[in-house]
Amino acid sequence: MKVLFVHPSSLMYSEIYLRLEPLGIELVAAAALAAGHEVRVLDLQIFKRQDYLREIAEWRPEAVAYSLNYLANIPEVIDLARETRRLLPECFIFAGGHSASFTAQELLDHAEGAIDCVVRGEGEGITPRLLEQAANGRNGIEQLPGIVTRNAAAGPPAEMLKSLDGLQPARDLMRRRRKYFIAELDPCASIEFARGCPWDCSFCSAWTFYNRSYRKVSPERAVDELERIPEPHVFIVDDVAFVHPEHGMAIADLMEKRKIRKRFYLETRGDVLLRNKEVFQRWKKLGLEYMFMGLEAIDEEGLKRHRKRVTLSKNFEALEYARSLGIFVAVNLISDPGWDERRFTTVREWALSVPEIVHLTVNTPYPGTETWHTESRQFTTRDYRLFDVQHAVLPTKLPLDRFYRELVETQQILNRKHLGFTALKDTFFIAMKLLAKGQTNFLRMIWKFNQVYNPRRQFADHERPVRYEMRLPENGRQGSFSSSSLFVHGPNPAPVPSASLATA
Ligand code: B12
Ligand code: SF4
């Protein structure tokens, strides 16, 4: 079959800071390719809607598959599917990915027949089987694990891969690879060393998607892949990097042996950094330069509410340690809709007093999280597009326009901190170096800063007409549920690791 895989466009702010290689869709595309299909990938983070329509009209795929990791992309994907159904009525159209897995039935209902099925869970194993059945008349697709169709009863649950070593992402299918970057790591590729997360934070769905498991790519396979990556910079997509120190060390051993040098960006937790100091120290020598840490709160009460299972003092100690290694850290704090001007001022003062980059997101209960069950009753909107952690979807204590003024002003002040005079001097030299190599993503990012940060734009987003509304948890499930009922996959093949989880 001729299969077109599509990644939707970027969300607010991502459009300036970064644009990253969509590894999930590359893996699913690789599986389809290995099964003998003719495959193309179109990434709408880079290409435009017109490019998509041209591809549909000229190449005329027999199947179109959308990657839906982000809730805020749902309306865009439904509209693309509707348009595709109109242009190619016989085309087999399906969607998969993180958010699609938690909203499968409502997605199909909103699409009113434009989407044939949704794939819940990991896509590599099931997609070839689905395409085979689709090519043979589509009968019985609802009996495949993880497949949800509009009117059929749910079939067997999604299955998790036994090993992550089976496939290499189809990197060659990505057009304009040099458009992927994160800040000055330009161009930048992505890689996965491990999948899932053994913690269980109340606002997060990374752990529920993978049934709280944690699986690793073998060190040999990880390093083979690193060796094949042409870009000098690499973003490690793991939810929490190096939970198991021996894994990080084994990859480091092989990298040293094969003399692989890259510059890296990763995400981890403060307690993991402190527990596995020697791993991060070693990786610093191998090129680890940037690290993202979800602190989420700067008070104990906030950490408890998010069930981070880490103390404030441990988080601050971790920041100190990262500084001592010379690793540049970006931290995230979750702003609560209940914040008033005083609270924003306190956060600004703290953020200005530390050398790290501080990001602010807004507390957003997503399907697949515990907070979605406990807090969604209070939603002030059900417009998927506002569920991007930059908009307030719960009632704010301040009037909404003032909440956005405070939020955006705080973000601007924090950005200026990093684009202040000394920083700007450094930035200028970095930008010139990249320009000399023909890389302009970083330079464009600096240029766009002030156009994107705009509280009026955020406020006005709430006024847009809503065509597709998010469905709330079923009656009676709000407030009471068991964690395992949130899981996407069937019985878990991978045990929760022995690494003891610190409790706050
Ligand atoms: C890496 C990552 C990013 C990267 C890369 C994004 C990219 N271009 O792909 C960056 C840093 C850019 C990013 C940004 C954001 N992210 Co993010 N991100 C992740 C993270 C940690 C891993 C994703 C990943 O690459 N995994 C590895 C690959 C192999 O897995 P995968 O993509 O899930 O794909 C598998 C399946 O989903 C499925 N699949 C995927 N696509 C398809 C398509 C088809 C057809 C099929 C059949 C199957 C399928 O099969 C794949 C293979 O098994 C996830 C957490 C998680 N564990 O999922 C959060 C996560 C997806 N991000 C999240 C959020 C909130 C954001 C931001 C909004 C944050 C912000 N502060 O602004 C932005 C928005 C970005 C945007 N779209 O513009 C949330 C999503 C919440 C939601 N429900 O919408 C998650 C779940 C994190 C969380 N803790 O809640 N993110
Ligand atoms: S540690 Fe990170 S990835 Fe894991 S559940 Fe908490 S927020 Fe999600």
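Helices H4 and H6 meet through Ile74, Ile78, Ala81 and Arg82 on the H4 side and Leu107, His110 and Ala111 on the H6 side, where contact means C-beta atoms, placed from the backbone, within 7 Å. Helices here are DSSP runs (H or I, at least four residues), as are strands (E, at least two), and both are numbered from the N terminus. Sorted by class, the residues of this H4–H6 contact come to 5 nonpolar, 1 polar and 1 charged; Ala, Val, Leu, Ile, Met, Phe, Trp, Tyr, Cys and Pro count as nonpolar, Asp, Glu, Lys and Arg as charged, and the others, Gly among them, as polar. The axes of H4 (residues 74-87) and H6 come within 10 Å and cross at roughly 45°. Axes are lines fitted to C-alpha atoms, for helices over the stretch in contact, with angles running from 0 to 180 degrees between N-to-C directions. H4 and H6 are therefore oblique to each other, given that angles under 35 degrees count as roughly parallel, over 145 as roughly antiparallel, 65 to 115 as roughly perpendicular and the rest as oblique. The crossing of H4 past H6 is right-handed (the near helix is turned clockwise from the far one by less than a right angle; anticlockwise would make it left-handed).

All of this comes from a predicted model, in which local features need pLDDT of at least 70 and side-chain atom pairs count only at pLDDT 80 or more, while totals for chains, interfaces and linings use all residues. Residues are numbered from 1 along each chain as its sequence is written, and chains are lettered from A and ligands numbered from 1 in the order in which they are written.

Just past H6 (104-111), in the loop that leads to S6, sits Glu112. Glu112 has a positive phi of about 50° despite not being a glycine. Strand S6 belongs to an open sheet of 6 strands, ordered S3-S1-S4-S5-S6-S7, with mixed pairing; two strands pair if DSSP finds at least two bridges between them. The edges are taken by S3 (38-43) and S7 (147-148), each with a single partner strand, so one side of each has no neighbour in the sheet. S6 (residues 117-119) and S7 run antiparallel to each other over 2 bridges, and Val118 has Val148 of S7 as its bridge partner. Helix H7 (residues 126-135) packs on this sheet and touches S1 (2-7), S4 (63-67), S5 (92-96), S6 and S7, its direction making about 160° with that of S6.

A further open sheet of 6 strands follows the order S9-S12-S13-S14-S15-S16, with parallel pairing. Here S9 (188-191) and S16 (357-362) stand at the edges, and each has a single partner strand, so one side of each lacks a neighbour in the sheet. From one strand to the next, the twist averages 20°. S14 (residues 288-296) pairs with S15 in the parallel sense over 6 bridges, with Phe292 bridged to Ala330 in S15. Ala330 in turn has Ile357 of S16 as a bridge partner. The pairing of S15 (residues 328-335) with S16 is parallel as well, over 6 bridges, and Leu333 stands opposite Leu360 in S16. As for the lead-in to S9, Pro187 lies in the loop between S8 (181-182) and S9, and the peptide bond from Asp186 to Pro187 is cis, with omega near 5°.

Helix H10 takes part in two helix pairs. With H9 (residues 219-228), H10 (residues 245-257) packs at about 45°, the axes being 9 Å apart. That angle makes H9 oblique to H10, and their crossing is right-handed. H9 contributes Pro219, Glu220, Ala222, Val223 and Leu226 to the contact, and H10 contributes His247, Ala250, Ile251, Leu254 and Met255. These divide into 8 nonpolar, 1 polar and 1 charged.

With H12 (residues 277-286), H10 packs at an angle of about 25°, and the axes are 10 Å apart. H10 is thus roughly parallel to H12, and this crossing is left-handed. Pro245, Gly248, Met249, Ala252 and Met255 of H10 meet Val279, Arg282, Trp283 and Leu286 of H12, a contact with 7 nonpolar, 1 polar and 1 charged residues.

Finally, ligand 2 has around it Cys197, Trp199, Asp200, Cys201, Cys204, Ala206, Trp207, Asp239, Val240, Arg269 and Gly294 (a residue is near a molecule or strand if its C-beta atom, placed from the backbone, lies within 6 Å of it). This shell holds 7 nonpolar, 1 polar and 3 charged residues.

Conventions. Two residues are in contact if their C-beta atoms, placed from the backbone, lie within 7 Å.
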